[in-house]
Amino acid sequence: MTNVLSFELTRTAEWRDAMATKYSYDTRNTHAAALLRQLAEQEGSSDFGRRFEAAHEAYENAYDGLDSMGPDAIANDVARVSELISCEMRAIGFSWSPKHVDEVIERLAKQYESAAAGIAIAIREAA
């Protein structure tokens, strides 16, 4: 697993801790925080790690192509993808409970792959 993913899982766990304090009646936050920390400590399999790295690299390469569409296109896409990733992280322990970090890696890889494909389509349509 990447250090970035471990950091994001831990950061989301800290956010869930704050939500548990704010909404003490909703025990899902406490359980979600514990699950996020457990996932942050796990080692992902090398196959999933390679897929994640390839998907993230494909997104970054596609993102470079947005230069021709101007700064607004870049800013909008970065915000959109950041929100998609954030939603996936916040859903852990609520709408899905992965048993292993590989499941998280798989979902995030799909988000990056989808974002890269979307950028490629936008660039083609703008040309």
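Start by selecting helix H4 (71–91), the element with the largest share of the lining of the largest pocket, seven residues. Helices, in the sense used here, are DSSP runs of H or I with at least four residues, strands are runs of E with at least two, and both are numbered from the N terminus. The model is predicted, so local features need pLDDT of at least 70 and side-chain atom pairs count only at pLDDT 80 or more, while totals for chains, interfaces and linings use all residues. Residues are numbered from 1 along each chain as its sequence is written, and side-chain values use heavy atoms, with hydrogens and water left out.

**The pocket**

Keep H4 on screen and add helix H1 (3–22), helix H3 (46–64) and helix H5 (101–126); each of these four helices supplies at least two lining residues of the largest pocket. A pocket is found on a 1 Å grid over the protein atoms alone: it is an open set of points where a 1.4 Å probe fits, with protein on both sides within 12 Å along at least five of seven lines, and its lining residues have an atom within 4 Å of a point.

Next select Val-4, Glu-8, Ser-82, Ile-85 and Tyr-112, which lie nearest the centre of the pocket among its 21 lining residues. The space in the pocket is about 510 Å³; a volume is the space filled by probe spheres set on the points, which are joined across faces, edges and corners.

Colour the lining by class: eleven residues are nonpolar, five are polar and five are charged. Nonpolar here covers Ala, Val, Leu, Ile, Met, Phe, Trp, Tyr, Cys and Pro; charged covers Asp, Glu, Lys and Arg; the others, Gly among them, are polar.

**The whole chain**

Zoom out to the protein chain, which has five helices and zero strands. Along the sequence the pattern reads α-α-α-α-α. Of its 127 residues, 36% count as buried; buried means under 20% relative accessible area, exposed means over 50%, and partly exposed is in between (1.4 Å probe, protein chains only). Contact means heavy atoms within 4.5 Å. Among contacts between residues at least 6 apart in sequence, 72% join residues at least 24 apart.

**The nonpolar core**

Select Leu-5, Leu-9, Met-89, Ile-92 and Val-104, the residues that touch the most other members of the largest nonpolar core, which has 26 residues. Helix H2 (28–41) joins H1, H3, H4 and H5 in giving two or more residues to this core, and H5 gives the largest share, nine residues. A nonpolar core is a set of buried Ala, Val, Leu, Ile, Met, Phe, Trp, Tyr and Cys residues joined through side-chain atoms within 4.5 Å. In soluble globular proteins, nonpolar side chains tend to be buried together.

Now show the surroundings of Leu-5: leaving out residues up to four places away in sequence, Leu-5 touches Met-89, Val-101, Val-104, Ile-105 and Leu-108.

**Along H1**

Go to Thr-12 in helix H1. Thr-12 counts as buried because its relative accessibility is 9%. A polar atom of its side chain lies 2.8 Å from the backbone oxygen of Glu-8. Beyond its neighbours within four places in sequence, Thr-12 is in contact with Leu-36, Met-89 and Arg-90.

Move on to Arg-16, also in H1. Its relative accessibility is 6%, so Arg-16 counts as buried. The side chain of Arg-16 reaches the backbone oxygen of Arg-90 at 2.5 Å. Not counting residues up to four places away in sequence, Arg-16 touches Asn-29, Ala-32, Ala-33, Leu-36, Arg-90 and Phe-94. One of these, Ala-33, is 17 residues from Arg-16 along the chain, with 5.3 Å between the C-alpha atoms.

Glu-14 is in H1 too. At 47% relative accessibility, Glu-14 counts as partly exposed.

**H3 and H5**

Select Tyr-59 in helix H3. Tyr-59 is buried, with a relative accessible area of 8%. Ala-120 is 61 residues away from Tyr-59 in sequence, and their C-alpha atoms are 9.6 Å apart.

Ala-58 is found in H3 and is partly exposed, with a relative accessible area of 35%.

Finish at Gln-111 in helix H5. Gln-111 is buried, its relative accessible area being 18%. Apart from residues up to four places away in sequence, Gln-111 touches Leu-84, Ile-85 and Glu-88.

Methods
A polar contact is a pair of N or O atoms within 3.5 Å; within protein, one must be able to donate a hydrogen and the other to accept it, and residues adjacent in sequence count only if both atoms are side-chain atoms.
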